[in-house]
Each structure stands twice: as structure tokens, then as C-alpha cells.
Amino acid sequence: MDSAMELQPAIGSADSAGALRPLRHLVRAVWLQALRRNEIWVVGILLGLYVLGALVLRIVGIESAQTARFVTGLGLQLGSTLTALLVIVMGARQVPDEIEQRTIYPVLAKPVSRGQVLLGKGLPTWLAGVAAMLLFTGTTLAIAPRLPYQTPGPLAQALLIKAASLAMLTGLVIWLSLWMPKAVSLVLCCALYFFGTTSVNLIINATGHANVVQYLSRLVPDFSLMDHFQRYVDGGGLLSAGQAAGLMVYGVAWTVVFGALAAARFRRQPI
Amino acid sequence: MRGKRSTSQAQRRGHAVFTGLCLLAGLAVAGALKPGLTKAKPYTPAFALNDQTRRAANSNAFAVVMGEVRATMADLIWVKTERYLHRGVAYGSHVNYEAMARKGEVQTNAPHADSTHQDHVGPPHEEPRGHEDHDHAEHAHDDDEQTHDEPDQHPERHVHDEHCNHGAYEAQDGHDPGACNHDHSVQAPDGDQEEGMSTVIPEAREDYRGFVGALHRAVQPWQDRDAPHEHTSGEQLLPWYRMLTYSNPSHVRGYMTGAWWLMKGAKNQEGLLDEAEAFIKEGIENNAESFVLQLMHGRVLIQREAWDEAIAACERAVELALRVRPQNPSPDSELWSESDEEDFRSALRYVPLIQWRKLADHDSARRNVRRVLTHAPNDLPLLQMLELIDQE
């Protein structure tokens with residue numbers, strides 16, 4: 001379907017505020033797609049399993065600070081990982097599916113630019129990820145006992161930085177999905193997200209910290225920099241304002257890079 | 001028509017320029033920020049991550065259910081090193097990694113084993129660990145000395161480790177003043193202290209799988225829990241520590257344990273001490289705030305007999321430790337473990353000890369003992385050292 005039909009009312013009543021209207025409808029279409037497909041429910045089921053386990057543990061009794069810390073850490077890390085997977089799976093199929101099912105034609109026949117189409121795909125993908133992350137975080141905080149050194153400041157920082165990381169990831173997966181088959185882009189994104197830092201470390205060390213390799217490694221997005229939930233769990237204290245701002249800028253910079261690459265590719269892509 | 005085409009071309013050019021600018025700016029910003037942001041990753045937790053903490057976290061139901069899903073690559077390699085250490089047999093977690101990383105001791109947390117054993121020593125140990133009255137710093141002795149007899153004046157025996165430098169603390173009569181009295185003559189073969197430790201693959205009488213279980217035991221490295229528990233030579237683990245620290249340069253324990261095995265191997269193989277020093281230096285480069293790595297560096301330098309450099313490394317260790325050590329550390333402190341305190345005291349003692357015994361600089365040694373006593377006023381070995389220096 002889907003975007004084309006969802007766009008119908010917007011196009012019918014095109015007016016001066018039209019620039020944002022198609023975008024709104026594209027976002028709504030993607031959101032509906034996400035709900036109709038399975039990913040959101042898979043995340044929901046996993047969240048449910050975590051809740052069940054944590055509740056059982058809560059009833060049995062969490063006797064030590066270590067266990068409390070572990071339950072909180074697990075919930076937040078699970079949330080962080082699953083939301084990343086959700087974004088990857090959702091993002092990887094946004095444009096390829098539209099092209100495959102040929103529903104991209106009616107979309108592009110409407111007065112929307114290709115850039116708007118991409119933004120309309122990326123924005124809800126990112127929002128779905130952020131929403132899932134907030135849901136996981138809220139649930140974890142509601143279930144796990146809070147320790148005195150687990151303060152809201154680092155958690156807020158972790159959430160903001162993670163949101164920036166999800167934006168990076170959305171940009172990356174959409175860009176890759178325009179270049180390669182859906183499954184390949186999905187696997188590549190997962191590899192980069194989960195093993196990117198380790199692989200880069202291995203390469204840097206194995207090449208004896210060669211300068212060229214070190215410089216090149218900076219051109220690989222480092223998602224591990226953007227995960228600070230454990231800092232909150234362990235009472236690691238606030239990141240300095242400079243560090244937090246730097247991380248946000250890092251996330252935005254990579255999002256801009258991937259967005260620009262995706263837009264450039266999509267603009268020239270024969271459909 | 002021509003006008004439209006040129007507008008479209010101009011638009012395309014504009015898009016291309018805009019995209020190029022976005023790319024360049026984004027990559028420049030991200031590339032420039034990355035090295036600085038890497039420093040934002042490490043943090044000091046509000047508790048000490050010691051073995052007790054780890055055990056508590058790993059023994060709850062959640063941890064058991066999640067199993068190795070929680071593990072990172074470095075952790076998996078760490079587990080791998082334990083399998084190697086036990087000749088491939090997968091035992092339940094029982095090794096005291098805190099001690100292994102800090103001293104190279106292979107201590108066990110096994111219920112039936114009250115031992116602390118290295119691959120060269122395995123006498124039963126009557127006190128578990130953290131015997132503060134013993135000084136680990138001042139009675140390091142070489143492995144080749146390990147068979148000499150010493151009177152066992154105390155029931156406690158301590159397991160000498162790599163920083164057990166009796167040579168450095170021996171009084172002129174050849175006796176170790178103030179040192180612990182452990183029986184170096186007792187040499188037990190490796191491993192018979194950990195009998196009764198359960199294996200990951202269960203024994204036949206506890207295995208409900210029948211034929212499948214028998215097959216599992218046959219095709220995987222396995223041995224009966226009552227069979228002598230053996231440890232392989234740690235040198236085989238070195239490639240794994242290399243991979244471990246490559247994949248996670250913040251794995252301080254990996255650097256410490258790897259450096260320890262290299263130091264130990266250096267007694268039999270030339271060049272390994274250089275490698276140990278290079279390895280520990282790399283660890284320090286990647287974990288500049290870790291005082292235990294500085295201390296380990298000091299130990300490597302002591303083995304090298306590079307006394308001035310060793311003093312500098314130990315002083316740096318003390319300086320770093322003082323940044324994180326609570327004002328009044330207690331054994332129950334969540335911030336500062338018993339092992340941290342033990343290592344801190346080792347670092348405190350090394351400096352005057354080297355000045356006294358190796359450089360024969362009694363004045364500096366005396367001055368330094370007095371200075372470091374402000375950080376550990378009741379430290380018995382330091383007080384004894386002061387007394388002996390004054391006597392001389």
C-alpha cells in the first residue's frame with residue numbers, strides 16, 4: 001500500500017501549508033505500516049518477557065544492590081538493543097518495499113519531492129525507535145528498584161544521546177537500503193552497530209596503531225560511544241556538558257552525512 | 001523550455017553542492033570529535049567491581065537465564081582463557097579473577113577448595129584472602145628460589161606471587177624481617193585443590209540426557225569432578241589476552257593477567273620481559289587512570305631491575321590510587337575493594353623498599369616510609385621497615 005493511499009486526502013486538499021502536510025501523511029503511513037507488521041509486536045513481546053521475569057524477581061525479592069543493578073542494567077540494555085534492531089528492520093524495508101511493490105509510483109506522482117519522501121520514511125522510523133526506547137526505559141524504571149546513586153541526570157543524558165544514535169542509525173540503514181538488497185543492508189547495519197567498534201579496535205591494534213588506519217577509523221560511525229545507560233546503572237555520574245554536547249553533535253553530524261548520502265542517491269535512483 | 005532546463009540544471013547543481021557540503025562538514029565534525037568523545041566512555045562506578053560483586057550479579061536467576069547472551073566479545077575471550085587454563089574442561093565459574101588479574105594467582109572459589117594456587121605452588125591455604133597483615137610487596141622472590149626452606153612460624157601460609165620479592169626485603173642475615181612465613185618447600189602438583197568443582201557438562205549420575213549426555217562427555221573435553229584438577233601453563237593463554245585487549249582496550253584485567261604470564265615466562269625465555277613491558281605500557285596508554293596497571297608496570301620494572309623507573313611507576317600508581325581511594329577505606333566499602341587497598345599498599349611499600357634494599361639510600365627510604373605512612377598509618381610492614389632502616 002500504502003503511502004500512496006495515505007497521501008490521498010492530503011493531495012486532494014493541497015493548500016499553502018502543503019509543504020508539511022504530505023510529510024505528515026507519509027509519517028502516518030509509515031507508523032501504520034509498523035503497527036500492521038510484526039516488528040512492534042515482537043518488541044512488545046520481548047518487553048513483556050522482561051517485565052514478567054523482573055516481576056517474578058521482584059516478588060521473590062531483590063536482596064542485593066548487585067541484583068537490583070543487574071535488573072535495571074538488563075532492562076535498559078535490552079531496550080537499547082531492541083530499539084536499535086527495530087530501527088534497522090523498519091528502516092531497511094521502507095524504500096525497497098515501496099519500490100518492489102511499485103507503490104512508490106503513486107507516491108512520487110503526487111506533489112512531494114523525493115527528499116520529502118525520504119524524510120517521511122526516516123522520521124517515523126526514528127520516532128518508533130525513540131518511542132520503543134522510552135517504553136522500555138519507563139517499564140524498567142517502574143519495575144527495578146532504584147539505588148541511591150542512580151540519579152535522573154545521567155539517565156536523561158543517556159536517553160538524549162541514544163535518541164541521537166537512533167537518528168544516525170536510521171540515516172545509515174535508509175542510505176544502505178537504497179544501494180543494496182534489503183537483507184544485505186540489514187546485516188551490514190547490524191554488523192556495524194553491534195561489532196563496528198570491536199572490529200575497528202582489532203584493525204587499529206593489529207596494524208600497530210598506524211596513523212592512516214587511525215584517521216580512517218574516524219570515518220566509521222562509532223555507535224558504542226552513544227550508549228550511556230550503564231553509566232546511569234553504575235552511578236557513574238553526569239557526563240560533562242562538553243562531552244554531552246559533543247556526543248549530540250556527533251550523532252547529528254553522522255545523521256546529516258547519511259541523510260545527504262541517502263538524498264543524493266534517491267534523487268538519482270532510477271525507479 | 002530552455003529556461004526550464006537551465007533552472008533544473010541549476011537546481012541539480014545546487015543539490016550536488018549542498019550534498020557535498022553536508023558530507024564534508026558532517027565527516028569533518030564527526031572525525032574531529034571522535035578521539036575526544038572516546039574519553040567520555042570510561043567512568044568510575046559508585047561501587048567497586050570486585051569478585052564478590054560479580055558473583056552476586058552473576059548468580060541471580062536473571063543472569064542464569066540470560067547466560068552468555070550478555071557477554072561481549074572480550075568477555076567471551078576471557079571465558080575462553082579459563083577453559084584453556086583447565087585443559088579445555090568447562091567448569092562452573094570458580095576462579096578468583098580478582099586475584100588472578102592482580103597477582104597471577106589462580107585462586108578458587110570452589111566450595112571444597114580453600115586453596116590458592118599458582119601453577120608453581122599449591123599448598124593448602126588456611127586463610128582465604130585479603131590477609132592484610134602480610135605484605136605482598138616486600139617479599140617477592142624469584143621462582144627459582146621457591147624451594148628453599150623457611151621456618152613456618154605461623155599457621156597461615158601465604159601464596160607468594162610475582163611481587164613476592166624476598167630478595168628485596170631480606171635482611172642481611174638472609175631472613176625476611178616482618179615477612180610472612182610461608183612454606184615454600186611445600187610443592188603440590190597443580191590442581192588437586194579444586195576437586196569437587198562441578199563441570200558445565202554434568203556427570204552421568206546427574207545428567208538426565210542419558211545417551212546424549214554420554215556422547216556429550218565423550219566428544220567434549222570433560223573429566224570427572226573428583227579427578228585431579230589441572231591447570232595448563234598460562235603461556236598458552238597469551239594469544240587470547242592479546243585478542244582480548246585488541247577487541248577491548250579497556251579490559252584492565254586482560255592487560256594485567258597477560259603481563260603477569262609474560263613476566264613469568266621471561267624467566268625461561270629471553271625477550272618476554274620486553275613483551276611484558278610493551279604490553280603493560282599499551283594497557284596504560286589505553287587506561288591512563290588505572291593505578292593497578294601502573295603498579296604492574298612497576299613490578300615488570302622491578303623484575304628488570306630498573307630501580308629508578310620502577311620507583312617512578314609505583315609513585316605514579318600511588319598518585320592515581322589516591323585520586324579514587326576513599327578517605328577512610330573500610331572492608332565494606334562499595335567504592336574501594338580489599339584488593340584495591342592491598343595493591344595500593346603494595347605500591348606504597350615498593351618505593352622505600354627499593355630505595356632501602358636495592359639502592360642503599362637509607363635517608364630517602366626513611367623519608368619515604370614516613371611520608372607514605374600518612375596514607376596508611378597502621379601498616380605493619382611499613383612500620384617494621386622503618387624500624388629496620390633505623391637500626392641499620
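Which residue takes a positive phi just after H4(A)? Keep that in mind while you load the view. This is a predicted model.

**Stop 1: chain A as a whole**

Select chain A and show it as a cartoon. Its secondary structure comes to 11 helices and zero strands. From the N terminus on, every element reads α. Chain A has 271 residues, and 54% of them count as buried. Now think about contacts in chain A between residues at least 6 apart in sequence. Of these, 83% join residues at least 24 apart.

**Stop 2: helix H4 of chain A**

Select residues 65-100 of chain A. This is helix H4, with 36 residues. From first C-alpha to last, H4 of chain A reaches 52 Å, close to the 52 Å expected at 1.5 Å a residue.

Next, pick A:Gln94. A kink of about 35° lies there in H4(A). The proline A:Pro96 follows shortly after the kink.

Bring back the rest of the model around the helix. In H4(A), 28 of the 36 residues are buried, so the helix is largely enclosed by the rest of the structure.

Step just past the end of H4(A) and select A:Arg102. Here is the residue from the opening: A:Arg102 takes a positive phi of about 65°.

**Stop 3: where the chains meet**

Show both chains, each in its own colour. How many residues does each chain bring to the contact? Chain B gives 41 residues and chain A gives 43. The size of an interface is often given as the accessible area lost when the parts come together. Between chain B and chain A about 3,700 Å² is buried. Carbon and sulfur atoms give 71% of that area.

Now look for charged pairs. The rule finds one salt bridge across the interface of chain B and chain A. Select B:Lys34 and A:Asp222 to see a salt bridge between their side chains, at 3.8 Å from N to O. Two residue pairs are in polar contact across the interface.

Turn to the side of chain B that touches chain A. Helices H1 (2-38), H2 (51-58), H3 (61-66) and H8 of chain B each supply at least two residues of this side. The largest share, 15 residues, comes from H1(B).

**Stop 4: a salt bridge between H8 and H10 of chain B**

Side chains of opposite charge can pair when their charged atoms come close. Over all chains, the count comes to 20 salt bridges.

Select B:Arg242 and B:Glu282. Their side chains meet in a salt bridge, at 2.6 Å from N to O. B:Arg242 lies in helix H8 (residues 238-247) of chain B and B:Glu282 in helix H10 (residues 272-286), so the pair ties together parts 40 residues apart in sequence. B:Arg242 is partly exposed, with a relative accessible area of 23%. B:Glu282 counts as buried, at 17%.

**Stop 5: a second link to H10**

Stay in chain B and select B:Arg304 and B:Asp274. Their side chains form a salt bridge at 2.1 Å, N to O. B:Arg304 sits in helix H11 (residues 291-304) of chain B and B:Asp274 in helix H10, 30 residues apart. B:Arg304 is partly exposed at 32% relative accessibility. B:Asp274 is partly exposed too, at 46%.

**Stop 6: B:Arg325 and its network**

Select B:Arg325. Where is B:Arg325 found? The answer is the loop between H12 and H13 of chain B. Is B:Arg325 buried or exposed? B:Arg325 is buried, with a relative accessible area of 12%.

Add B:Glu341. The side chains of B:Glu341 and B:Arg325 meet in a salt bridge, at 2.9 Å from N to O. B:Glu341 lies in helix H13 (residues 338-358) of chain B and B:Arg325 in the loop before it, so the pair ties together parts 16 residues apart in sequence. B:Glu341 is buried as well, at 13%.

Widen the selection to B:Arg345, B:Arg349 and B:Asp379. Salt bridges that share partners join these three with B:Arg325 and B:Glu341 into one network.

Then show the neighbours. Not counting residues up to four places away in sequence, B:Arg325 touches B:Trp336, B:Glu341, B:Phe344 and B:His375. Zoom in on B:His375. Its backbone oxygen lies 3.3 Å from a polar atom of the B:Arg325 side chain.

**Stop 7: helix H9 of chain B**

Finish with residues 252-265 of chain B. The 14 residues of helix H9 should span 20 Å at 1.5 Å a residue, and the end C-alpha atoms are 20 Å apart, which agrees. In H9(B), 13 of the 14 residues are buried, so this helix is largely enclosed by the rest of the structure.

Methods:
Residues are numbered from 1 along each chain as its sequence is written. Chains are lettered from A and ligands numbered from 1 in the order in which they are written. This is a predicted model: local features need pLDDT of at least 70, side-chain atom pairs count only at pLDDT 80 or more; totals for chains, interfaces and linings use all residues. Side-chain values use heavy atoms; hydrogens and water are left out. A salt bridge is a side-chain nitrogen of Lys or Arg within 4 Å of a carboxyl oxygen of Asp or Glu. Helices (H or I, at least four residues) and strands (E, at least two) are DSSP runs, numbered from the N terminus. Buried means under 20% relative accessible area, exposed over 50%, partly exposed in between (1.4 Å probe, protein chains only). The expected span of a helix is 1.5 Å times one less than its number of residues. The bend at a residue is the angle between axes fitted to the seven residues ending there and the seven starting there. Contact means heavy atoms within 4.5 Å. Buried area is the accessible area (1.4 Å probe) that two parts lose on being put together, summed over both. A polar contact is a pair of N or O atoms within 3.5 Å; within protein, one must be able to donate a hydrogen and the other to accept it, and residues adjacent in sequence count only if both atoms are side-chain atoms.
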